[in-house]
Amino acid sequence: MRRRVTPARRTGAAGAVLVLCSAGVLLGVAATPAQAAEVSFATHCVPPAGIDPVDGTTKVEITAPATAKAGDTVDIVWKFVQAASKNPDIIDLPANSVQPSGVLKAAGAQTGDITMQGPRENPAIPKSGAMVLSDMKGSLKLTAAGEVTLTPDAYTVNAMSTDTKCTPKETVQKAATIQVTPGSGGSSSPPPSQSTTPSQSSTPTTTPSPTATATGGSGQTDFTGKEVQVPYACKTPIGDKNATSPVQINAKKNGGSYDLTVQFKKSVMDSPADIPKDSVKPSMEVALGGADKGTVHVEGPTNANPIKSGDPIEIPDLTGTYKPGASGTATLAPGVLTIKALGTTTTCTPTKSEVSLTLDTTQQPGGASGGTSTSGGASSSGGSSSSGAGGLAETGSGDHGALKALGLVAGTAILLGAAVFTFLPRRNPR
């Protein structure tokens with residue numbers, strides 16, 4: 001028996017269909033789906049000194065909105081499907097010790113470099129294991145209507161404070177396209193944050209305050225030097241680095257001599273690996289000038305406690321005794337810094353010398369000028385140290401295996417290179 005459909009039922013059914021269709025239309029209009037496209041390109045990677053360059057294939061997936069309006073700021077994700085290089089067969093990389101950063105090129109309706117960076121998050125990576133890199137993220141403010149294409153470019157892999165720089169060897173295909181429609185609020189020029197060109201920092205200005213001076217007959221026994229910014233050129237077992245650190249030299253009169261204390265005013269860095277206790281030993285040759293000549297050896301204690309990965313590393317106070325070798329006005333400036341750790345040596349030489357402390361001195365028998373110091377005065381670029389760059393050179397440039405093993409044991413050579421100064425500053429509560 002055929003059921004009769006009444007007009008009311010027809011109207012209700014049609015209305016339901018219209019409602020469903022309308023919902024579908026509304027959903028389609030409201031959605032701005034993200035697109036994800038994978039591209040691969042031949043890549044040339046340059047690891048730290050002492051490790052051979054690597055040629056490989058990078059595979060990345062770029063995710064970005066398919067459509068947007070001019071004036072919008074869109075988020076972009078760079079996912080590493082495959083990095084071009086593996087972890088060298090030298091050390092196991094601990095968890096959360098690798099951080100990627102890179103550049104994404106925008107072209108078409110607007111051009112610019114988009115800074116991309118990922119967190120320092122990774123599983124433990126064994127020797128010769130595939131590099132597992134976190135997703136990098138960045139944002140782009142859209143400034144004009146039209147088609148904007150996104151293309152991967154160079155990227156850097158930072159592992160335990162060393163950089164491996166990877167650049168494309170071929171023209172890279174675009175990985176994503178954003179269709180930009182006109183909209184209000186657009187800017188006529190891209191925001192400064194899109195550029196990856198680092199801002200040039202000015203050379204630190206020295207505080208014009210006078211250095212502490214010991215004046216004869218005043219009865220003063222404690223002398224506080226001024227904090228000076230010391231630019232260092234560091235030679236590590238795996239390469240050269242530059243860094244600047246604030247240093248202060250203080251003195252306390254002890255008879256005819258002075259007990260010196262050299263303070264580094266900022267913490268060194270967060271440790272990229274676990275370091276056992278009694279394995280880090282710093283020292284410095286304080287450079288003498290003015291009436292006196294030579295150097296004064298100061299050193300600090302080894303680390304009394306283990307340093308956990310991620311904990312701050314600080315250079316402790318370095319102490320020693322200055323016995324004047326001449327009468328007159330002597331100047332004291334930070335000199336060559338040496339850090340020994342687990343059989344490795346890192347030597348940092350000031351590229352510019354600046355006096356921290358000035359003392360009025362009286363010559364003492366066997367003092368600095370008549371002593372056995374071999375380094376030059378404060379105007380020198382740092383002199384030499386028996387455990388410095390010369391000692392590193394003796395490993396021989398031909399023995400890359402020994403050099404790499406020496407430089408990368410537990411990450412301490414890198415950790416105690418130029419990174420020991422200003423990457424993660426913390427005020428030392430003295």
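How many aromatic pairs does a search of the whole structure find? Five. The model is predicted, and the exercises below work through it.

**Exercise 1. Classify the ring pairs around F80 and say what they link.**

Step 1. Take W78 and F80. Their ring centres are 5.6 Å apart and their planes meet at 40 degrees. Planes under 30 degrees apart would count as stacked and over 60 as edge-to-face, so this pair is tilted.

Step 2. Check the cover. W78 and F80 are both buried.

Step 3. Take F80 and Y155. The centres lie 5.1 Å apart, with 65 degrees between the planes. This pair is edge-to-face.

Step 4. Place the two residues in the fold. F80 sits in strand β4 (residues 73–82), and Y155 sits in strand β8 (residues 146–159). The pair therefore ties together parts that are 75 residues apart in sequence.

Step 5. Check the cover again. Y155 is buried, as is F80.

Step 6. Join the pairs. W78, F80 and Y155 form a cluster through their ring pairs.

**Exercise 2. Find which residues touch the most other members of the largest nonpolar core, and which elements build that core.**

Step 1. Count the members. The core has 41 residues.

Step 2. Rank by contacts within the core. I62, I76, W78, L140 and L150 touch the most other members.

Step 3. List the elements that give two or more residues. They are β1 (34–46), β2 (54–65), β4, β5 (98–108), β6 (112–117), β7 (136–141), β8 and β10 (176–181).

Step 4. Pick the top contributor. β8 gives the largest share, five residues.

Step 5. Look at I76 in detail, leaving out residues up to four places away in sequence. Its contacts include I62, L140 and L150. L104, I114, M116 and M136 are also among them. So are T63, A64, K137 and G138.

Step 6. Look beyond this core. Another core of 33 residues lies apart from it. Its members include F223, L260, V262 and I275.

**Exercise 3. Trace the strand partners of β8.**

Step 1. Start with cover. Ten of the 14 residues of β8 are buried, so the strand is mostly covered.

Step 2. Pair β8 with β5. The two run antiparallel and are joined by ten bridges. Q99 has N158 in β8 as its bridge partner.

Step 3. Pair β8 with β10. Five bridges connect them in the antiparallel sense. Here T149 is partnered by T177 in β10.

Step 4. Pair β8 with β9 (residues 162–168). This pairing is antiparallel too, over five bridges. N158 has D163 in β9 as its bridge partner.

Step 5. Read the connection. β8 and β9 make a hairpin, with two residues between the strands. M160, in the turn, has a positive phi of about 55 degrees.

Step 6. Add a rule for inspecting side chains. In a regular strand they alternate between the two faces of the sheet.

**Exercise 4. Follow the pairing from β17 through β21 to β24.**

Step 1. Begin at β17 (residues 280–290). Four bridges join it to β21 (residues 328–333), and the strands run antiparallel. A287 stands opposite A333 in β21.

Step 2. Move on to β24 (residues 357–361). β21 pairs with β24 over five bridges, in the antiparallel sense. The bridge partner of A330 is L359 in β24.

**Exercise 5. Decide where the coordinates can be read in detail.**

Step 1. Take the overall confidence. The mean pLDDT is 74, and 67% of the residues reach 70 or more.

Step 2. Find the extremes. Confidence is highest in strand β20 (residues 318–322), at a mean of 96. It is lowest in helix α2 (residues 389–393), at 29.

Step 3. Mark two low stretches. Over residues 7–31 pLDDT stays under 50, and the model has three contacts there beyond four places in sequence. Over residues 185–217 pLDDT also stays under 50, but with 48 such contacts.

Step 4. Draw the conclusion. Where pLDDT is low, the predicted coordinates should not be read in detail.

**Exercise 6. Summarise the whole protein in numbers.**

Step 1. Count the elements. There are four helices and 24 strands.

Step 2. State the cover. Of 430 residues, 42% count as buried.

Step 3. Weigh the long-range contacts. Among contacts with a separation of 6 or more, 73% link residues 24 or more positions apart.

Step 4. Describe the surface. The protein exposes about 21000 Å², and carbon and sulfur atoms supply 53% of it.

Methods
Residues numbered from 1 in each chain as written. Predicted model: local features only at pLDDT ≥ 70, side-chain atom pairs only at ≥ 80, totals over all residues. Heavy atoms only, no water. pLDDT = per-residue confidence, 0-100. Contact = heavy atoms within 4.5 Å. Phe/Tyr/Trp six-rings, centres within 6.5 Å; stacked < 30°, edge-to-face > 60°. Buried < 20%, exposed > 50% of the residue type's maximum accessible area, 1.4 Å probe, protein only. Core = buried A, V, L, I, M, F, W, Y, C linked by side-chain atoms within 4.5 Å. Pairing = 2+ DSSP bridges. Areas by Shrake-Rupley, 256 points an atom, 1.4 Å probe, with all protein chains shown as cover.
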